[in-house]
Amino acid sequence: MDEARLRQAIEGLVGRKLATELAGDFVKLRQDVATGTLERTSAGKFVESFVQGLQQISGGSYDAAPSVDHYLNTQVEGDTRLPDGLRLCGSRIARAIYTLRNKRSIAHKGQVDPNSIDLEFTYRGAAWIMAELVRSASGTTMEEAGALIRLVNAPVGTLVEEIDGVRLVHAQIALRAEILVLLHSKHPDPVTSAQLCEWTGKKGTTVGARLSDLRSSRLVVGDGRRGFKLTSPGHAAATTEIQSLQG
C-alpha cells in the first residue's frame, strides 16, 4: 500500500492536510484487518476527515471540529455542489462506518464487543470512499485513477491468523519483529511470555531474551506475571514492520 501515492492522488481535491489524514487513517484500517486487531481507533477520525473533505470540496473550507452526525444526517445529501458519488453513496457509507464506531464498542467500552465482521465492513467501506475520492480528484488521469482504485480494493492478506487460541504470523521475519507483530495483534491487551513461546514455537529463554531487549528499548512494558504490552514507540515500531510486510 503506497500511502504517499494515495495522498498525492487526492491532494488536489481536498488539500494536503486532509489528504494526508485520510490516506494515513485508511492505511491504519488496512493494517488492522491484516493483523486482526479490533481496536480500530482510526475509524472515527477517517469519517471526520472525510466530512471535512466534503466541506472543502463544496465550499473551499471546512470546520475544525465538524458535527459529523448532523452533517451526514441532515446536510450533505442536499448539497448539489458535491459529486453525486460522494454526496449520496459516500456519505451513506461514512454514516454506516460512524454508526459502527459509536455503537459497537470501537471507540469506547460498551455492551457489544467489536468483532472481525465490523472491522471488515469498516475497511471495505473506507476503501470504497478512498476509491471514489481518487476517481473524483481533479487532475488525475483515468489510468492513474483506475490503478489506484484497484490498489485500494486489493485483497488484504492475513498476516496474523488465530487457530484454537494460537496466533501465527505468516511471514519469515526475525523473532523480535514477530513478537512486535503479535503484540500489535492483541494491543492493548497484555500477552504473556508463555503465549509468545507457544505462538512463535521458540524456547522460553530465547523469547525472554528478545522481550528483555524490547523492554530495554522502551518498546514494551510488563513482566512474566502481568504479561507484556506495546508502548507508543513499540506500537509505531510494530506498525513499521507490518507496513514493510504488506509492501
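The following exchange examines how several labels attached to this predicted model are justified.

User: What is the overall make-up of the protein chain?

Analyst: The protein chain contains 11 helices and 4 strands. Of its 247 residues, 45% count as buried. The accessible surface comes to about 12000 Å², and carbon and sulfur atoms hold 50% of that area. Among contacts with a separation of 6 or more, 59% join residues 24 or more positions apart.

User: Why is Asp-25 called buried or exposed?

Analyst: Asp-25 has a relative accessible area of 5%. The label buried applies under 20%, so Asp-25 is buried. This residue lies in helix H2, which covers residues 16–35.

User: Which residues does Asp-25 touch, leaving aside residues up to four places away in sequence?

Analyst: With those set aside, Asp-25 touches Ser-42, Lys-45, Phe-46 and Ser-49. A contact requires heavy atoms within 4.5 Å. A separate value concerns Ala-43, which is 18 residues from Asp-25 in sequence and 7.4 Å away in space, C-alpha to C-alpha.

User: What makes Ser-193 buried, exposed or partly exposed?

Analyst: The relative accessibility of Ser-193 is 25%. Buried means under 20% and exposed means over 50%, with partly exposed in between; Ser-193 therefore counts as partly exposed. Ser-193 belongs to helix H9. Not counting residues up to four places away in sequence, Ser-193 touches Val-207, Leu-211, Gly-224 and Phe-228. Its C-alpha atom is separated by 10.0 Å from that of Thr-205, 12 residues apart along the chain.

User: Which residues of H9 are buried, and against what do they pack?

Analyst: In H9, the buried residues are Leu-196, Cys-197, Trp-199 and Thr-200. The buried residues of this helix pack against E2, H8 and H10. After H9 comes Gly-201, with a positive phi near 75°.

User: How do H8 and H9 pack, and what is the handedness of the crossing?

Analyst: Helix H8 (residues 175–186) and helix H9 (residues 193–200) pack at about 115°, and their axes are 11 Å apart. The crossing of H8 past H9 is right-handed. The contact brings Leu-175, Glu-178, Ile-179, Leu-182 and Lys-186 of H8 against Leu-196, Trp-199 and Thr-200 of H9. By class, the residues in this contact are 5 nonpolar, 1 polar and 2 charged.

User: Why do Glu-178 and Lys-186 in H8 fall in one class, and Thr-200 in H9 in another?

Analyst: Glu and Lys are listed as charged, whereas Thr is on neither the nonpolar nor the charged list and so counts as polar. Glu-178 and Lys-186 are among the H8 residues of the contact, and Thr-200 is one of those from H9. The resulting tally includes 2 charged residues and 1 polar residue.

User: Which peptide bond is cis, and where is its proline found?

Analyst: The bond from His-187 to Pro-188 is cis, with omega near 10°. Pro-188 is found in the loop between H8 and H9.

User: How do you know that E1 and E2 pair?

Analyst: Two strands pair if at least two bridges are found between them. E1 and E2 have 4 bridges, in the antiparallel sense, and therefore meet the criterion for pairing. Ile-163 has Val-166 in E2 as its bridge partner. The two strands form a hairpin with 2 residues between them.

User: What is notable about phi at Asp-164, and is this residue buried or exposed?

Analyst: Phi of Asp-164 is near 50°, a positive value in a residue other than glycine. Asp-164 sits in the loop between strand E1 (160–163) and strand E2 (166–169). Its relative accessible area is 78%; exposed means over 50%, so Asp-164 is exposed.

User: Why is Arg-218 called buried or exposed?

Analyst: Arg-218 has a relative accessible area of 60%. Set against the limit of over 50% for exposed residues, this value makes Arg-218 exposed. Arg-218 is placed in the loop between helix H10 (204–216) and strand E3 (220–223). Its phi is positive, near 65°, in a residue other than glycine.

User: What makes E3 and E4 a pair of strands?

Analyst: The requirement is at least two bridges. E3 is joined to strand E4 (residues 227–230) by 4 bridges, so the antiparallel strands qualify as a pair. Asp-223 has Gly-227 in E4 as its bridge partner. A hairpin of 3 residues connects E3 to E4.

Note on methods. Residues numbered from 1 in each chain as written. Predicted model: local features only at pLDDT ≥ 70, side-chain atom pairs only at ≥ 80, totals over all residues. Heavy atoms only, no water. Buried < 20%, exposed > 50% of the residue type's maximum accessible area, 1.4 Å probe, protein only. Areas by Shrake-Rupley, 256 points an atom, 1.4 Å probe, with all protein chains shown as cover. Axes fitted to C-alpha atoms, helices over the stretch in contact; angles between N-to-C directions. Left-handed = near helix turned anticlockwise from the far one by under 90°.
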